[in-house]
Amino acid sequence: MNPSAEKNPTQAPRDLTFRILRYNQHLPGDKPRVQEYHLQEALGMTIFIALNWIREHQDPTLQFDFVCRAGICGSCGMIVNGEPRLACRTLTRSYENPEITLLPMPVFELIADLSVNTGKDMRRMAERVESWIHDPEQDKIDISALEPAMEPEVAEEIYELERCIECGICLAACGTRRMRKDFLGAAGFMRVARFYKDPRDKRTADDFYEVLGDEHGVFGCMTLLGCEDYCPKQLPHQEQIAFLRRKLAST
Amino acid sequence: MNIIYTDHLVIGGGLAGLRTAIATKERGQDAIIVSLVPAKRSHSAAAQGGMQASLGNSLMGEGDDEDVHFGDTVRGSDWGCDQKVARMFVNTAPKAIRQLAVWGVPWSRVQAGPRHAVINAQTVTLTEKIEAHGLITARDFGGTKKWRTCYTSDGTGHTMLYAMDNRAIQDKIPVHERQEAIALIHEGDVCFGAIVRDLITGKLSAYVAKATTIATGGYGRLYSTTTNALICKGTGAGIALDTGKVALGNMEAVQFHPTAIVPAGILVTEGCRGDGGLLRDVDGYRFMPDYEPEKKELASRDVVSRRMTEHIRKGKGVASPYGYHLWLDITNLGREHIEKNLREVKDICEYFLGIDPAVEWIPVRPTQHYSMGGVRTDENGMAYGLKGLFAVGEAACWDLHGFNRLGGNSVAETVVAGMIVGERVADYIEAHQIDIGTQLVQRFLKQEQEAINRLMARDQGENAWELRNQMQEVMMEHVGIFRNAKDLEAGVEKLKALLVRSQKIAIKTKATGANAELTEALRVPKMIRLALCVAYGALQRTESRGAHAREDFPARDDANWLKRTLAYWKNPGDLLPQLKYEPLNVKEMELPPGFRGYGKANIVEHPDTAARLAEVEQVKAELKEQGRHAIQAKLMPVDLPLRYQDTNERLFRGRT
């Protein structure tokens, strides 16, 4: 017998209530409001499944974003019962209370309902921190020859910092970003730390200071660390912010 | 009238699209990418396994080279692939991976000295050589003779996509996000760009370009259960088909993976079974040994998927609100092994099922995974039927994969095709000037706008999502893992009926922009036409080859079916595609047709096979002294872009 069946004796499915903030600026006359939806919980139901069910069976006008629905693409950040989360991998049964409130993430440009424009901000971030390997010689490397060696643990360290999926949850959870819209935020700091760690990138601490040295950079952080608390990839934001401050303070 | 001019319009911002755009940009041309989503959110990020390239750095990869990779790829395709394309691909893959290393991918590296590995459920010690220390390492994968699959911990696709998009940002290539190409602009036999709809504002623009590249990924979402992202709807192939001029190749070639979780359809890796995991049915019974006494759970992907389906049909599936499934049991591997070696599986189980796979079974079922078919192109990536139109990656039928794709060859294809085809696009742009009247652009814009207006004006009619869901069920039920004439015929009829109904879709959402219902309504008729290409192509192909398994025609019939299906949609009012066939030339093959090595050999031989086999053996004997490169060039010369013609260096072997 399947062990999970033994652990979960059959019980009546719950009735869920979703309270969703609605507003579509492209719909003439639309006003912000909270709309309520009711549906029956199913086995393994995530917020992804619930929202699609609502849209396909109750209200086709509802707008939201999902792409991979597997927790890896970073498209579906939203505020679930007050906390920023990836909706695709949030199980409804993780909430004891069957009433779930959904809001779009703050900080980002609202597209409609639960859909916000994180992509635009992330491209701007990548341009600002110049999110690529800086090496004037790189295009002279012969790609038919043996590749330059890299210590295995260095490769692993870089990967650990590159696991950010640009979902924007760190920014939605960031007190400083609420006050200063040009504050770079944890995703940007993590990107800088990733390239700082990479021996292929020839930028110096001085070069990075140019990017991070002002109040919109790493010294502007109020260290509330919502980023650390809510990052769906459990990236070491606190440690990297401290690391960058130490490195840049000494330049 | 909003018109944007560029040299190169790329539709799709995943690995293939980005790499093709980079190729032309770095030749000094303008490129614009339009993408449904931000580039870094593309489905390329989901690639778990890795990228095949015959570097041969690690112990278990020693002796690997382009020739071994070529043989694996052709056999994997069940001889359905274009061997010239496969040859260009295997020769360029080592360069692609090394270039990505320069661009920032933190590939996992060889650690010199002894380490433990599990091979065939036995723990063995492998001792890596000191000279290989720090070079790119590789892991084992199905259907390969060597350990050739390079990877980045558990995030290969993610790191590749991020390095590639970062390079595109460095090159200042604009990515117009949340834009959907809904029609190609064309006249005579030339493509001039695309009509693009802004998914935020709903406004239409015309992108006029000297060259247009379709890189929109696969059509997995034609099926109700798929590992593919929600955006993999084949719409790039759809707009190509809608021209009435462009051919789609081998649309019936669709791969299923045995173990995706239910209901989410998210893939759990083959490593679960490789490490000793078992498949169980509704009674908790381990059923695979009854079907495949020798290989059991570790038979090839297509075989396991077929056996699981058979068992569910016998009434041994587990009922759930999301349909029948079976169990994957990895509890026997122990918590330590799972938390150390199967970290991503544990995460998926925790987040999507709320279960602990160390003590609970995982609900799984065979799930659509990869589209071998797509926009049929020549070796240079140019589409059949329209000049100036190219296709790359999963969206294309360049035909690297034939009727079955080898694991690890998909992300490799995206990058390699981007490199090779990108050069050909740049050559084309250099040689052609655009000559197009604004009247033509206006006509296409007007046509699309009017179609949208008609949809928006209809108050009563069909529901787009309901039609889509029905289509997906038909595909799953009738055009799935096992196929036969009776089911396929019924499936085709149901799809035809759905296509008729799709002309009557009504929209309840009256927003001009940010309108998911309208977006879906525009896609659904295209998707049903693609589904008909798959179903009708499968019905006509009366043989079994690779992933196309006909219960009523179990033999691989080289005598009659060593040919590629080409599907055209000649008139908008048609209810079926027009099929043509393109023979594969055995006389030009570097590796003539043979036995793939699974199950019993059941092949109707092609009349040219024996003669070509003898010829190949003769050439190999004659040119033995001159080495493998000379033999290869004699057997099947290929034309790679100049910058990718150098031979690849390997440890201890140099460039031999």
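Chain A holds 10 helices and 7 strands, where helices (H or I, at least four residues) and strands (E, at least two) are DSSP runs numbered from the N terminus. This is a predicted model, in which local features need pLDDT of at least 70 and side-chain atom pairs count only at pLDDT 80 or more, while totals for chains, interfaces and linings use all residues. Residues are numbered from 1 along each chain as its sequence is written, chains are lettered from A and ligands numbered from 1 in the order in which they are written, and side-chain values use heavy atoms, with hydrogens and water left out.

**Exercise 1. Describe the overall build of chain A.**

Step 1: begin with extent. Along the principal axes, the C-alpha atoms of chain A fill a box of roughly 60 × 55 × 35 Å.

Step 2: turn to burial. Of its 251 residues, 57% count as buried (under 20% relative accessible area with a 1.4 Å probe, protein chains only; exposed is over 50%, partly exposed in between).

Step 3: look at contacts, meaning heavy atoms within 4.5 Å. Among the contacts in chain A with a separation of 6 or more, 63% join residues 24 or more positions apart.

**Exercise 2. Place A:Asp30 and find what its side chain reaches.**

Step 1: locate the residue. A:Asp30 sits in the loop between β1 (15-22) and β2 (33-40) of chain A.

Step 2: is A:Asp30 buried or exposed? A:Asp30 counts as buried because its relative accessibility is 16%.

Step 3: list the partners. Beyond neighbours within four places in sequence, A:Asp30 touches A:Tyr23 and A:Asn24. Its side chain reaches the backbone nitrogen of A:Asn24 at 2.7 Å.

**Exercise 3. Characterise the interface of chain B and chain A.**

Step 1: count residues. Chain B contributes 90 residues to the contact and chain A contributes 81.

Step 2: take the area. About 6,700 Å² is buried between the two chains, with carbon and sulfur atoms giving 54%; buried area is the accessible area (1.4 Å probe) that two parts lose on being put together, summed over both. B:Arg41, B:Tyr351 and B:Phe352 supply 12% of what chain B buries against chain A, more than any other three residues.

Step 3: check the charged pairs. The rule finds 6 salt bridges across this interface (a side-chain nitrogen of Lys or Arg within 4 Å of a carboxyl oxygen of Asp or Glu). A:Asp142 forms a salt bridge with B:Arg655, their closest N and O atoms being 2.8 Å apart.

Step 4: sort by class. The side of chain B that touches chain A has 41 nonpolar, 27 polar and 22 charged residues; here Ala, Val, Leu, Ile, Met, Phe, Trp, Tyr, Cys and Pro are nonpolar, Asp, Glu, Lys and Arg charged, and the others, Gly among them, polar.

**Exercise 4. Work out how the two domains of chain B meet.**

Step 1: set the bounds, which come from an automatic or database domain assignment. Domain 1 of chain B covers 1-253 + 372-439 + 559-655, and domain 2 covers 259-366.

Step 2: how far apart are the centres of the two domains? Taken over C-alpha atoms, 30 Å separate them.

Step 3: describe the contact. Domain 1 of chain B gives 9 residues and domain 2 of chain B gives 13. The area buried between these domains is about 1,000 Å², of which carbon and sulfur atoms give 46%, and the salt-bridge count between them is 0.

Note on methods: A polar contact is a pair of N or O atoms within 3.5 Å; within protein, one must be able to donate a hydrogen and the other to accept it, and residues adjacent in sequence count only if both atoms are side-chain atoms.
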